[in-house]
Amino acid sequence: MPRFKKKDLARPSLNYSRRGFRLKDGRLHLACGIVLTVVWSRQLPAAPSSVRLYRDALGHWYASFVVPARVEPLPATGRVIGIDWGVAQIATTTSDEHDLAHAGYGRKAAERLARYQRMMARRKPQPGQSASKGYREARRQAAKAHRKVARQRQDAARKWAKKVVRDHDVLAVEDFRPKCLAKTTMARKSADAAIGTIKAELIAMARKHRRDLRLVHPAHTTMDCARCGARAKHALPLSERTYTCTTCGAVSPRDKNSARVMLIRAGLAPAGADRVRPDRPPDSQAA
Ligand SMILES: [Zn+2]
């Protein structure tokens, strides 16, 4: 059910449209004579049409400007890639150099976060009492740990997305729906969050560099054979890491098979992809 935001719990944010703000000598002038000194993370590529000021959980203020997106086309590479999301490995692709393993920072950050959450529980104020200084400090540290993970995750996602987009003209990407995996353990929930971030970064990066990104419906991708197109009668259990086709006898690592199915579903000839043997007759690829 939708819930109302409580006025005193919602974080403050302010929006200004073109008439409400002005940039002068690197400083931000707002309506009503407020002048702010901004620490610029990068140069604005064009004149902004609006700005949003907001405060995060740590009490830091940010100014977020809206500017028209600039397209920076990249040279054609003549290569295509299929991408499958997973729990064991975040992204399995048809190219071996572009697979993305889970980053190791999750556990260390989780330990740090758990410590501060225990501190918060110990210092929890009694009903009717205001929060103690120690409680507020623990809460701040927990928020800081959260933000650190989010930033590391985004940084890693951007770097990987840039590499994939730079090296391929067409991307066939599994249209991952988070709910499919997020039912059971914490590890899966965090994998879901990581995949969500990475997929969003990849889509943004492809748009920025004018690459053709095709989202592929995820149904049955683990059951179809990438070589002959036959569909297995039963879904593979997650523990089974190898796909064996009962029709043509093809054997391949499960996620690699799924990544190749992405390519075929997106209408891309897999003969042009990496990891497909060129000696195979092209008519056997038709699915
Ligand atoms: Zn087969």
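The following conversation concerns salt bridges, burial and helices in a predicted model.

Student: How many salt bridges does a search of the whole structure find?

Tutor: In this predicted model, the search returns 15 salt bridges.

Student: Let us take Lys256. Which side chain does Lys256 meet in a salt bridge?

Tutor: The partner is Asp99, with a distance of 2.9 Å from N to O. Lys256 belongs to helix H4, whereas Asp99 sits in the loop between strand S8 (91-93) and H1, so the pair ties together parts that are 157 residues apart in sequence.

Student: Are those two residues buried or partly exposed?

Tutor: Lys256 has a relative accessibility of 8% and therefore counts as buried. Asp99, at 23%, counts as partly exposed, because buried requires a value under 20%.

Student: Back to H4. What does Arg254 pair with?

Tutor: Arg254 forms a salt bridge with Asp255, and their closest N and O atoms are 3.7 Å apart. Salt bridges that share partners also join Asp96, Asp99 and Lys256 into one network.

Student: And the relative accessibility of Arg254 and Asp255, what is it?

Tutor: Arg254 is at 7% and counts as buried; Asp255 is at 14% and also counts as buried.

Student: How many of the 12 residues of H4 are buried?

Tutor: The number is 10, so the helix is largely enclosed by the rest of the structure. Among the buried residues are Asn257, Ser258, Ala259 and Val261.

Student: What span should H4 have, and how far apart are its end C-alpha atoms?

Tutor: Helix H4 covers residues 254-265, and at 1.5 Å a residue it should span 16 Å. Its end C-alpha atoms are 17 Å apart, which agrees.

Student: Changing topic: which residues form the positive surface patch?

Tutor: The patch consists of Arg115, Arg118, Arg122 and Arg123. Arg123 is located in the loop between helix H1 (105-122) and H2, and Arg123 is partly exposed, with a relative accessible area of 32%.

Student: Moving on to Gln141, where does Gln141 lie?

Tutor: Gln141 is part of helix H2, which comprises residues 133-167. With a relative accessible area of 19%, Gln141 is buried. Between Gln141 and Met120 there are 9.8 Å in space, C-alpha to C-alpha, and the two are 21 residues apart in sequence.

Student: One last pair: what is the N to O distance between Asp224 and Arg231?

Tutor: Their side chains meet in a salt bridge at 2.7 Å. Asp224 is buried, with a relative accessible area of 8%, while Arg231 is partly exposed at 45%.

Key: Residues numbered from 1 in each chain as written. Predicted model: local features only at pLDDT ≥ 70, side-chain atom pairs only at ≥ 80, totals over all residues. Heavy atoms only, no water. Helix = DSSP H or I, 4+ residues; strand = E, 2+ residues; numbered from the N terminus. Buried < 20%, exposed > 50% of the residue type's maximum accessible area, 1.4 Å probe, protein only. Patch = residues over 30% accessible without salt bridge, like charges linked within 9 Å, V, L, I, M, F, W, Y side chains within 5 Å. Areas by Shrake-Rupley, 256 points an atom, 1.4 Å probe, with all protein chains shown as cover. Salt bridge = Lys/Arg side-chain N within 4 Å of Asp/Glu carboxyl O. Lys, Arg positive; Asp, Glu negative; His and termini not counted. Charge placed at Lys NZ, Arg CZ, Asp CG, Glu CD. Expected span 1.5 Å × (residues − 1).
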